[in-house]
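Take a moment with the sequence and the fold before reading on. This report moves from the whole chain to a few local details.

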Amino acid sequence: MRIPLRKGRSLREVLREKGLPEGFLSNLRGDPGRKYQLSSAVAHEPLMNYLDTFYFGEIGIGTPPQSFLVIFDTGSSNLWVPSTYCQSPACEDHARFNLSLSSTFVGIDMTYTLRYGFGDLSVVLGYDTVTIQNIIIRNQEFGLSLDEPSRPFYYLDFDGILGMAYPGIAISGFNTLMQNMLQQNQLNKPIFSFYFSRNPTYSYGGEVILGGVDPQLYSGEVLWAPVVQELYWKISIEEFSLGLSVTNWCSQGCHGIVDTGTFLLTIPGQFMPALLQALGAEESDYGFLVDCSSVPDLPTLYFAISGVWLPLPPTVYVLENDGICTVGVEGTYVPSSSGQPLWILGNLFLRQYYSIFDMANNRVGFALAASGL
């Protein structure tokens, strides 16, 4: 089942359109790695790349289906959407689930807090039918928001989040959407895959394919990397190289989380100064600036995964917007739960590599993404 993804406006674009200074949201910046710190909270899913781009697709909830735009997020495991319970400006500006309009809704008298780096999102739980094109998942637990902080939700193009990581980080006692898809025999195969366009637009930013892969969206062989912790789609990164210079940053082992809900390439904070110096990047209000004319001369980044070097050229990791070029990276000071330096392979990395998530064999596949779409 093929679901087209739309590319949302970045918050930088939204703020420009509304004539607001970028500093308006500056108090929200935090450490993106906090998303993967397990705690007593039901979920800890900060949307830290709040000034960047999100990719989202359409689903329906209820009978008849009510439509929502959601991030298909491999970095979390819960499904939630705004609801009519929520009267905050952030909810009123988005599609809201109205339980009274669904003949199949069943309420659960349980509320939870999804903790974000910039505020908390309160939800009450319910069951209903979820429709994703021709896929119908019955009796799916999901969260109906009770309150959402205006910053940044009021300014975001998507409504909610559909988590696609492992059940271990979902609300305990309920099946995730992916579990129910499998148990209700809604997938041809226990896999799903993502393609992110190199030239994204709002109408076409890429595709998520449930139950299969599309060989037309990639070329060459698929490189498989085993999942090292069945909570997130976390794999081993054996080494990292700046051009032909091997850094030895991962000589003791690094971990990388493959996260479609994060836009940038997130780098262990201890390595950021050396990386930025090697790229000649300077920090500014816009991000890490480089001279646009120098981009062809910047080094290719290489990741050693499953014994193979995967290149990420500067034409992919440098972002150009209105003649301003920035390196699409950010830092995290949160290590992997077992102590290794933690990388987050977000949409920027996944524009280069078609990604396949194999639920049966607990592995992630990478293949060179098609460049013409």
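The sections below cover the chain, one sheet, one hairpin and one loop.

## The chain as a whole

This is a predicted model. The protein chain holds 7 helices and 28 strands. Of its 373 residues, 60% are buried.

About 14600 Å² of the protein chain is exposed. Carbon and sulfur atoms supply 48% of that area. Now take the contacts between residues at least 6 apart in sequence: 71% of them join residues at least 24 apart.

## A four-stranded sheet

One open sheet is built from 4 strands. Their order is 16-15-21-22, and the pairing is antiparallel. Strand 16 (245–246) and strand 22 (308–312) are the edge strands. Each of these pairs on one side only.

Strand 15 covers residues 239–242, and strand 21 covers residues 301–305. The two pair in the antiparallel sense over 4 bridges. Within this pairing, Ser241 stands opposite Tyr302 in strand 21. Strands of a sheet pair through backbone hydrogen bonds, and the pairing can be parallel or antiparallel.

## A hairpin

Strand 23 (residues 318–321) and strand 24 (residues 324–327) run antiparallel. They are joined by 4 bridges. Leu319 faces a partner here: it stands opposite Thr326 in strand 24.

How many residues lie between strand 23 and strand 24 in the hairpin? There are 2 residues between them. Asp322 sits in the turn and has a positive phi of about 55°.

## The loop between strands 27 and 28

Strand 27 (353–358) and strand 28 (363–369) are linked by a loop that contains Met359. Is Met359 buried or exposed? Its relative accessible area is 18%, which is under the 20% cut-off, so Met359 counts as buried. Met359 touches Met178, Leu182, Leu187, Pro190, Ile191, Phe192 and Trp233, leaving aside residues up to four places away in sequence.

Asn362 lies in the loop between strand 27 and strand 28. Leaving aside residues up to four places away in sequence, Asn362 touches Tyr166, Pro226, Val227 and Glu230. With Glu230 there is a polar contact, side chain to side chain, at 3.1 Å.

Glu230 also has a listed distance to Met359. The two residues are 129 residues apart along the chain, and their C-alpha atoms are separated by 9.9 Å.

How values were computed:
Residues are numbered from 1 along each chain as its sequence is written. This is a predicted model: local features need pLDDT of at least 70, side-chain atom pairs count only at pLDDT 80 or more; totals for chains, interfaces and linings use all residues. Side-chain values use heavy atoms; hydrogens and water are left out. Buried means under 20% relative accessible area, exposed over 50%, partly exposed in between (1.4 Å probe, protein chains only). Contact means heavy atoms within 4.5 Å. Accessible areas come from the Shrake-Rupley method with a 1.4 Å probe; for residues, only the protein chains shown count as cover. Two strands pair if DSSP finds at least two bridges between them. A polar contact is a pair of N or O atoms within 3.5 Å; within protein, one must be able to donate a hydrogen and the other to accept it, and residues adjacent in sequence count only if both atoms are side-chain atoms.
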